[in-house]
Amino acid sequence: MTTLVQEDQLTRPTYHEVTRDIVATLGRPSRMYYVLLGLVITVFAIGVVALLFQVRYGLGVAGYTPPVMWGVYIATFVFWVGIAHSGTLISAILYLFRSAWRTSVYRTAEAMTVFAVMTAGLFPLIHVGRIWYAYWLFPYPNQRQLWVNFKSPLLWDVFAVSTYFTVSTLFLIVGLIPDLAAVREKATGWRKKLYEITSLGWRGTDQQWRHYTRGYLYLAALATPLVLSVHSVVSWDFAMSIVPGWHATIFAPYFVAGAIYSGVAMVVTLLVPLRKVFKVERYITVEHFENLAKLLLLTGLIVGYAYAIEYFIAWYSGSPYERASFWNRAFGEYWWATWTMITCNGFLPLLLFSRKIRRSIPAMFVLSLFVNLGMWFERFVIIVVSLSFEYEPYAMGHYTPSWVEWAILAGSFAWFFMWFLLFAKNFPTVSITEVKEIIPMPRKERAHA
Amino acid sequence: MTKRALFVTGTLVAAVASVSLLTSQSTTAQGPQGDTAVPYEAPVDIDTAGLPGPKQPILYRHDVHAGQYEMDCRYCHFAAEVSPSPALPAVATCMGCHIIAGAANPEVQKLREYWNERRPIEWIEVHEMAPFVRFPHNRHVVSDSGSFKELEVVEKCDVCHGPIRRMPQVYQFASLKMGWCITCHEKDQVSIDCTLCHY
Amino acid sequence: MAENSNGMNRRRFLKVLGVTGGGAAALTGCSGDGAQKLIPYIVPPDNQIPGIATWYASTCRECPAGCGLHVRVREGRPVKLEGNPDHPVNGGRLCARGQAGLQGLYNPDRVRQPLARASDGTFEPISWDEAIARITEGVNAVPGDQMRFMTGSEAGTFDRFVDDWLAAFGSTGRINFEPFAYEALRHASRSVFGIDALPRYDLASARYVLSFGTDFLETWSNPVGQARAFGDSHGFRDGAMGKFVHVEPRMSMTAMSADEWIAPAPGTEGLIAMAMARVIVRDGLASVPSDVARLESILDQFEPDSVAARTDVPAETIERLAREFVSEPSVALAGGVGCQHAEAHGTAAAVLLMNYVAGNVGRTVQFATESGSAPATYADVVGLAQMMRDGSVGALLVHSANPVYATPPGLRFVEAMRQVPFKVSFSRFLDETAAECDLVLPDHDPLEQWNDSEPIPGVHTLQQPVMQPVFETRQTGDVLLTVAQQAGGRAATRLATSTYKEYLEAAWQRLQRRLGDPRPFAAFWTEALQRGGAWREVGTRAVRLATPMGRFGDVLPWVAPADGLALVAYPSPALFDGRGANRPWLQELPDPVTKVTWSTWVEIHPETAAEYRIAEGDIVELASQAGSIRVPAYLYPGIRRDCVAVPMGQGHTAFGRYAEGRGANVLSLLSGEPTAYGGVATYTAVTLRHTGAHERLAKTEGRPRQLGRGIAQAIALEELVHGEPHEAHEGHAAPVPEHIEDVLDEWQEGEFRETEQGDYAGEHPRWAMAVDLSRCTGCSACVTACHAENNIATVGAELVSRGREMSWLRIERYFEGGENGVPFEARVVPMMCQHCGNAPCEPVCPVFAAYHTPDGLNAQIYNRCVGTRYCSNNCPYKVRYFNWFDYQDEADSTFAWPAPLHWLLNPDVTVRAKGVMEKCTFCVQRIRDKQHAATLADRELADGEVVTACQQTCPANAIVFGDLHDPNSQVSRAARDARGYHVLGDLNTRPAITYLKKVRNIVEA
Amino acid sequence: MSAGAGGILASYVHVDAAADAIRALKAKGYRDFTVYTPVPNVEIAQAVRHRVSPVRLWTLLGGLTGCAAGFALTLWMSYDWPLVVGGRPIGSVIPYVVIAFELTILFGAGATILGLLFHSWRTKQTGPYDGRFTDDHIGIFVPCPVERRPDVEELLQASGAEEVRVET
């Protein structure tokens, strides 16, 4: 994949220009920035109020209708965990593949990962009945002498998600160090202080680089299996149960593909405005979008395949429960959700076979929005629709979310964008160092020639 | 090399520490108090303000009744052996003696007021169990499992209620937390099944 | 707690409270200062030990059946009602309404002290002295012949007492009002046999039961006793069972238990009976009594062929029924819903006649030598209303009757009442009638008073106060006596006794003499109190056809109008005639047939509904000549296309927070005119109109069909007896071939052995249950019993409509057939936690709140639960219930136990907090209680010693509970039964509950 | 390396020039000079020829510890209070693999970071430094006593340094 970006295709900036252009993105924010920030904080506050309301009166204020005991909250949890995945994919996996084009987009993706996990992490708390006892899910020594049940997929979740958060955060920070050193030299005032501290006295000496490159390599090597494991574990929350429509061996790969799919879409959604506002079109080019588009297409096809195979297995298994469940999925009360999902995730990405669309940034932006929508609905369908139609016909029910759930969902988006906005203006969203890395340093010969 | 060795030991220490940290700490349950053989003199005048435990409508002195006069706990808490609840003495029970005894004592006069007005005494609960816990007194008072085998009934009371026969005013002796129950149950090989107490 | 119990007698309250246990303690969190109070007795009540339940025998007065009670009392508070096993009426079982008796006692809407009508028309509380002064003055003011006293159907000492009291005031104006007085049946026995008595049906010894719309498993006569008898005769036992055919235009709850349901044109049941009689006589199928000859001429008119057209039942069916009917000991039932239409006396007569022809009279149909006191007919009530309108009634006293609600508005009883200058109610609740009175002198609850009753001739059943009165109420008997004394003169002298209890004891002394019991009265009395009463044998008398016999033109059926639909109004199995409407347990009890709660509905056949473009939940307007109501529609395949049905019991305009303004009162569709036999006609012509409005029905049912999943399984009798039992597995085949299954099982065993260590070493019992579906009638008594035993919150209509009911035990009702020729059938299966050996809910709980106990219980530790609800997702039976709101916080709208309702909380069971999961525990508190007792007595638990609440109350005796490790226990034997199956067993959940297939005694077509 | 020791600091624009200089220095037996580069660069690295960083060992040991801890934790806790769920064995290893795996990653990553910090800080240079080194210049600082400065200076100049200055 190293040849994805031909050197001549990239109008080569000098190292100095790179530093200059990217440091420029940390300049004075426009009024628009503050408006946006204010907006997301307001929406977030609304979400918080809704949550407090729910804690006071009980989960009943959400739309839960037994037997649908999980709803929007868990769907959104899975959605955000999924979003998180592309970040690590681009920064770690593509790093191991030595694909040069990642350098200018990976920072954004990685920041998105961290904030997405931070968002996802809230939902298991929000959805439990007694949030004030949520800490019981951690194996800490207590006077009751009780431990937790490591056989429960939820426990795996606790470990997987917290590990993922820790590692991806470390990964982000380590990647930032040399950049911060570079920014440090240009910054002034309190920010200089900030960068002096955060760059941990980085100077780019031969020794530092020697350890750094190794360390980074191994972090990437660890992050790679981790990212695959995390969404597998999340998928096992469902696959380990006996709920028809959940209990499927295909779930782990299916979820991982879906996660990367939605994550890449979110990266596109973020990059399009970002490159405009920060005027970094020179570094984030159409080529990058085409590559992302190809990733989208690949994962999209895998997801589409998974959908198909789910139905096939449901039929092939001969299990009446599975068959009924999937029939209900497609033609039951929730047909609209299912078909939204299939259209957005199964059919729309096929457009990406056209090079024109892959290279049209507006088209990509719109498409990415559709994919985000579709992937949220995928989780909704898997969770809600399966639960609403299980084994016991007498106990089947229909669930519709309440305003509380919508408010908290909106709040979660606000929370995510709040962090991203704050990050974008204080830390380089395009890696200075790595962008330089793919630009060969000037040489005497060529200079003299 | 040294650096590496140091690192290895470091991580091992960390691991061991984490495990040992997780080992359940034990709360010790107080056994029966000292020699009940020696006759006990309950102090005559005591500083009621300084006494631990909640202030009761009547200063009923366990140290006098159960300590000095060595009245059996079951005289008042008559149901302790037959019922999950040990039962409180009815006002009539108190009056059984105090119709004559201790006329001079101001606390006894209070008691008589209650009796004359046919008013129940609203004692403050000292040992308050969480509503989701079942503690059958009878099973414990009658029990002869493990360390309870060689105990007198009254001594069995002491295990949880502490030196109650020396208390002018009753205070909560044991934590009554789950860990405390468990420690004893494990020591005496009594079942620690959750539904023994929680349902 | 006492602080916020306004009007409650604080002192008494404290006295009775004693030391509260956990359950109630959970509710006292709200006491002013944080500190918990412990309140001792002043004088210890004898035979009461705190923490230990005391049991008292008494009598249930929720309906006229008069079942015997055992009342469980803790710290002076009745906390559970159970049947009295020695009682001849109910043999230890109770129905849902009986279980809910407690909610009458602790009802927050009870009248808490005497009330008097103030000048502004509202009620104001007054003292008892003043109240008595006023009533004395009132009754003295009117001449005796202008005094009217209306009581409920009182068969017992109080009955006589009221007569005496009235006599003392020179009055005979006594009305004994019971909404269902079985006028038609009485009229029929008069016209056929010339005796004024109700027949006694012997269901236990009948092998063939043919019911003509008699809802004998729901509300008619003595449902609990009948259900027991029916269970014994119809339940499958060693290769044999009885057969039950039900004839009614609508498949009622009773009909759901029938092997065959025949839906004739409404009101034509009598014709079928006559035709059957005709067949029997014509073909000489039975040795008919000689005097039947007199009937030939009449019977000739009822050839099956001619009848078939009018009844819409094929002639061959009638012929077949007739043959089957005489082939074994049989009984044909008349009465109840089927005998309430305008021509019902004809129907009843026909049925009695057929019984006579078939030679059943004297065998399965008997007439007692003495007939208990008969309640007044509706015609009498109409008479009373007329007199009141004429102003010839000066004083009306009403006791435990609610005529304003329970008579058709067409009668305009209210207006009539308003003509009466002085109206006194002794009601415990401010019901529609009490609300019309000038003076309300609240009576004690049946559980607080001395009384007795003779529901069946020879059965004298006692009531004794089991607790200090909750409120400032007084027993009406005592009030009346005081009034008599104060009135002075003749009244005082004629009623010498000072308390009603003395009067009662005097009556029992007479009874003792009658029984020829030589012992001193005290001994007899004490024993009676302990047994719950005294029973004596009452002989039966032989009956012949009356001469001259009543008119048989009566058999002319009620003809449903060609245009419009026929309405069938039936008493609700839960609310009866509406007297249960203020009990949240009964309101939230899903109707056994429709599974709807908290409301009224109209049952419409789907095809009819399609004609009118009506979907479920659409609000339709039903209109008759008498009036109209608006109710949501429920599409029910179990009703004739030309019929609609509406339950009674809702639409109260008073009667407390749980009853008021809920649903509609179907009586407003019925004519106020009495029928020829002096009853209310509950069949009438109605028109249907879609109002365009819609509401989400508050029903607990998800989907009415099983989707072939074999949850409620049934098997035909022949197939069971002759066919291969194991072939009978319904639903789909097991997902894996046999040999794989063996491998799986082996692997499973291995896993199990691994778990058997420490506590789990297996010397423990494994608690298990078996439910016999051939006995279960779906009556739902167990559901209410479970509510009562386990402190289950009632959540109200809105939450039920969102599937958030908390009932740990639900009766699933599934429809079978009904389309393309397959006869319609309904099956019921009680569904509660299956306590699986491989419980899917357990491993997914992150904190071990759900785990498996050594004795095989699937435990749910409420205080450990965090509320992830994963367990519920993973439970294939969906028997886990989540506390969506805080049901114990009176600040919340969802508060379930307004004082003093919380007094009925079982102190042995935790009241669950907001945000935790709960479910059936197999009544673990009862298990542990017995285990403690056994250990203290140093003995082993005996089989059948532990009895769960549902099992205890089941009228049909369908549930057994015990230890599966003991091969000889009842439950092990049941589990090995050829009919046994596990619901969704192919999921390898290894449930501890074995269901025994329903057996259908049918000839497979 | 004694702090504040004087030496020669040269800065380069051309990578090959810097590489030449490094090779030349090594040829002349200089070892403890420091090279500043804005990005890791192959040519420079080849010229300097360091041994592979020991950070990878931290990663390995961290990972192994994590794995061990994962199994120890789960198994010990399961048997400390044995509760049966769903008819599974008390300590069923298969599900615990997930926990062990996650802890492997967590400890591995943690150890890597620690190693990284540990080693980088250990070899932290306190010599002179120029802000351009993180932008687009390559720097070489050769600490050396005064008497040897001239020929070092001359060497660096010859290799084509953009600027050479004496740091004291």
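**Close-up 1. The enclosed strand β11 of chain C in the predicted model**. In this predicted model, the side chains of strand β11(C) alternate, with Lys243(C), Val245(C) and Val247(C) pointing one way and Phe244(C) and His246(C) pointing the other way, and all of these residues are buried. Because five of the five residues of β11(C), which spans residues 243–247, are buried, the strand is largely enclosed by the rest of the structure. Its partner in this view is strand β10 (residues 208–211) of chain C, which runs parallel to β11(C) and is joined to it by four bridges. Within this pairing, Val209(C) is the residue that stands opposite Phe244(C). As background for this view and those that follow, strands of a sheet pair through backbone hydrogen bonds, and they may do so in a parallel or an antiparallel arrangement.

**Close-up 2. Strand β14 of chain C and its pairings with β9 and β21**. Strand β14(C) covers residues 365–368, and its side chains point in two directions, Val365(C) and Phe367(C) one way and Gln366(C) and Ala368(C) the other way, with all of them buried. Strand β9 (residues 200–201) of chain C pairs with β14(C) in the antiparallel sense over two bridges, and here Tyr201(C) is found opposite Val365(C). Strand β21 (residues 540–541) of chain C also pairs with β14(C) in the antiparallel sense, again over two bridges, and in this pairing Phe367(C) stands opposite Arg541(C).

**Close-up 3. A seven-stranded open sheet in chain C, with helices packed on it**. Following the order β6-β5-β17-β16-β15-β7-β8, seven strands of chain C make an open sheet in which the pairing is mixed. Strands β6 (123–125) and β8 (174–176) of chain C stand at the edges, and each has a single partner strand, so one side of each is left without a neighbour in the sheet. Helix α5 (residues 128–141) of chain C packs on this sheet and touches β5, β6, β7, β15, β16 and β17 of chain C, while its direction makes about 135° with that of β16(C). A further helix, α15 (residues 378–390) of chain C, lies across β7, β8 and β15 of chain C and runs at about 145° to β7(C). For one pairing inside the sheet, strand β5 (residues 115–117) and strand β17 (residues 439–440) of chain C are antiparallel and share two bridges, with Leu439(C) as the bridge partner of Ala116(C).

**Close-up 4. A nonpolar patch on the surface of chain A**. Trp327(A), Phe331(A), Trp335(A), Trp336(A) and Trp339(A) form this patch, and together they have about 640 Å² of accessible area. Helices α10 (320–331) and α11 (335–347) of chain A each supply at least two of the patch residues, and the largest share, three residues, comes from α11(A). Trp327(A) belongs to helix α10(A), and because its relative accessibility is 60%, Trp327(A) counts as exposed.

**Close-up 5. Leu75 in helix α3 of chain D**. Leu75(D) is part of helix α3(D), which spans residues 55–80, and with 27% relative accessibility Leu75(D) counts as partly exposed. When its neighbours within four places in sequence are left aside, Leu75(D) is in contact with Gly91(D), Val93(D) and Tyr96(D). For one of these pairs, Leu75(D) and Val93(D), the separation is 18 residues in sequence and 7.7 Å in space, taken from C-alpha to C-alpha.

**Close-up 6. Two cis peptide bonds, in chains A and C**. The bond from Pro66(A) to Pro67(A) is cis, with omega near 5°, and Pro67(A) is placed in the loop between α2 (31–57) and α3 (72–96) of chain A. In chain C, the bond from Ala899(C) to Pro900(C) is likewise cis, with omega near 0°, and Pro900(C) is placed in the loop between β34 (880–882) and β35 (917–919) of chain C.

**Close-up 7. Positive phi angles at Gln189 of chain B and Arg412 of chain C**. Although Gln189(B) is not a glycine, its phi is positive, at about 50°. Gln189(B) lies in the segment after α8 (178–187) of chain B, and at 72% relative accessibility it counts as exposed. Arg412(C), which is not a glycine either, also has a positive phi of about 50°. The place of Arg412(C) is the loop between α16 (403–406) and α17 (413–418) of chain C, and at 42% relative accessibility Arg412(C) counts as partly exposed.

Technical notes: Residues numbered from 1 in each chain as written. Chains lettered and ligands numbered in written order. Predicted model: local features only at pLDDT ≥ 70, side-chain atom pairs only at ≥ 80, totals over all residues. Heavy atoms only, no water. Patch = residues over 30% accessible without salt bridge, like charges linked within 9 Å, V, L, I, M, F, W, Y side chains within 5 Å. Areas by Shrake-Rupley, 256 points an atom, 1.4 Å probe, with all protein chains shown as cover. Salt bridge = Lys/Arg side-chain N within 4 Å of Asp/Glu carboxyl O. Buried < 20%, exposed > 50% of the residue type's maximum accessible area, 1.4 Å probe, protein only. Pairing = 2+ DSSP bridges. Contact = heavy atoms within 4.5 Å. Axes fitted to C-alpha atoms, helices over the stretch in contact; angles between N-to-C directions.
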